[in-house]
Amino acid sequence: MEELVQRIKEDGRVLGEGVLKVDSFVTHQVDPNLMEAIGYRFAEVFAESGITKIVTIEASGIAPALFAAKKLNVPMIFARKAKSLTMDEELLTSSVYSFTKQVTSQISISRKFLSSEDKVLIIDDFLANGQAAKGLVELCQQAGAQVDGIGIVIEKSFQDGRELLEEMGMRVVSLARIASLQNGEVEFLEGDA
Ligand code: 5GP
């Protein structure tokens, strides 16, 4: 997605350890127009898939996921990273090792929001080693829901995430694919959409 690639070139900052900082438009301050364009692009790609729910993980997946959900006219569910006192129902849970925070946390969704009737599109901001997306797939599978695809805003293709998810039989659609973050430079591959 050209608009996203341009924005990463202009405002993305490479940190050591293969991390891209995009906190001025995705992960802290959020650009609503770009998020709308991103959400709508995912909706376009999966328009014929009969998606019934969009599933993401808090916090930075929510903005693009919400716009995709609006365009497809389906609910958006975000997995929670901390259990809330108000979540008194039965939960779907899985554990996820966070690439950026380097801790394992339990993620959860109330069982009542997903069922075996659902066809799910998973959306997340980054794909690194695939642990967050894999955790979301597991939550959907616990509910018996079918995962139709995984939409990623920024894929770091030099890490193993895509391979892991494709080995699980998942269709991965990334709007920006990064080949390398070496020497402070962002090098891109052709994106999927
Ligand atoms: P994974 O689970 O695929 O290893 O990592 C994905 C999660 O880690 C994303 O949800 C995102 O929050 C975070 N993440 C991974 N790599 C980066 C990065 O380079 N920059 C930022 N800002 N977040 C990242």
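Two residues are said to be in contact here when heavy atoms of theirs lie within 4.5 Å. The structure is a predicted model, and the contacts of L20 are a convenient place to enter it. Leaving aside neighbours within four places in sequence, L20 is in contact with I8, G12, R13, V14, F126, I154, I178, L181 and V186. L20 itself is found in strand β2, which covers residues 19-21. Its relative accessible area is 5%, so L20 counts as buried, the limit being under 20%.

One of the contacts of L20 is L181. L181 lies in the loop between β9 (172-180) and β10 (187-189), and it is buried too, with a relative accessible area of 9%. Beyond four places in sequence, L181 is in contact with V14, G18, V19, L20, K156, F158 and V186. The loop that holds L181 also comes up against a distant part of the chain: the C-alpha atoms of L181 and E17 are separated by 8.9 Å, although these positions lie 164 residues apart along the chain.

E17 has its place in the loop between β1 (13-15) and β2. E17 is exposed, with a relative accessible area of 76%. Its backbone has a positive phi of about 65 degrees, although E17 is not a glycine.

K156 is another contact of L181. It is placed in strand β8, residues 146-156. With a relative accessibility of 3%, K156 falls under the 20% limit and therefore counts as buried. The side chain of K156 reaches the backbone oxygen of G18 at 2.9 Å. G18 also appears in the contact list of K156, together with V19, F99, F126, L127, A128, I178 and L181, when neighbours within four places in sequence are left aside.

The UniProt record, an unreviewed entry, carries a "binding site" annotation that covers L20, T27 and K156. The lining of the largest pocket includes L20, T27 and K156. The same kind of annotation, again from an unreviewed entry, covers A128, N129, G130, Q131 and A132. These residues, A128, N129, G130, Q131 and A132, are likewise included in the lining of the largest pocket.

The ligand can now be placed. Around it are 15 residues, of which L20, A128, N129, G130 and A132 come nearest. Polar contacts to the ligand involve both side-chain and backbone atoms. An N or O atom in the side chain of D124 is 2.9 Å from an oxygen atom of the ligand. On the backbone side, a polar atom of Q131 is 3.1 Å from a ligand oxygen, and a backbone N or O atom of A132 lies 2.8 Å from an oxygen atom of the ligand. The ligand has 500 Å² of accessible area on its own, and the protein covers 88% of it.

Two of the residues that come nearest to the ligand can be followed further. N129 lies in the loop between β7 (119-127) and α4 (131-142). Its relative accessible area is 31%, which means that N129 is partly exposed, between the 20% and 50% limits. Apart from neighbours within four places in sequence, N129 is in contact with F99, Q159, D160, G161 and L164. A132 is found in helix α4 and is partly exposed at a relative accessible area of 22%. Not counting residues up to four places away in sequence, A132 touches V96 and D124. D124 also makes a side-chain polar contact with the ligand.

A few other local features complete the tour. K53 lies in strand β3, residues 53-57, and is buried, with a relative accessible area of 16%. A polar atom of the K53 side chain lies 2.9 Å from the backbone oxygen of F113. Besides F113, K53 touches V74, P75, I77, L114, D118, K119, V120 and L121, residues up to four places away in sequence not being counted.

A cis peptide bond joins E58 and A59, with omega about 5 degrees. A59 is found in the loop between β3 and α3 (62-72). Q102 has a positive phi of about 55 degrees although it is not a glycine. Q102 lies in the loop between β5 (91-97) and β6 (104-110) and is exposed, with a relative accessible area of 57%.

Key:
Residues are numbered from 1 along each chain as its sequence is written. This is a predicted model: local features need pLDDT of at least 70, side-chain atom pairs count only at pLDDT 80 or more; totals for chains, interfaces and linings use all residues. Side-chain values use heavy atoms; hydrogens and water are left out. UniProt positions are given in the numbering used here, feature names are shortened, and annotations may be inferred rather than shown by experiment. On a 1 Å grid over the protein atoms alone, a cavity is a set of points where a 1.4 Å probe fits but cannot get out, and a pocket is an open set with protein on both sides within 12 Å along at least five of seven lines; lining residues have an atom within 4 Å of a point. Helices (H or I, at least four residues) and strands (E, at least two) are DSSP runs, numbered from the N terminus. Buried means under 20% relative accessible area, exposed over 50%, partly exposed in between (1.4 Å probe, protein chains only). A polar contact is a pair of N or O atoms within 3.5 Å; within protein, one must be able to donate a hydrogen and the other to accept it, and residues adjacent in sequence count only if both atoms are side-chain atoms. A residue is near a molecule or strand if one of its heavy atoms lies within 4 Å of it. Accessible areas come from the Shrake-Rupley method with a 1.4 Å probe; for residues, only the protein chains shown count as cover.
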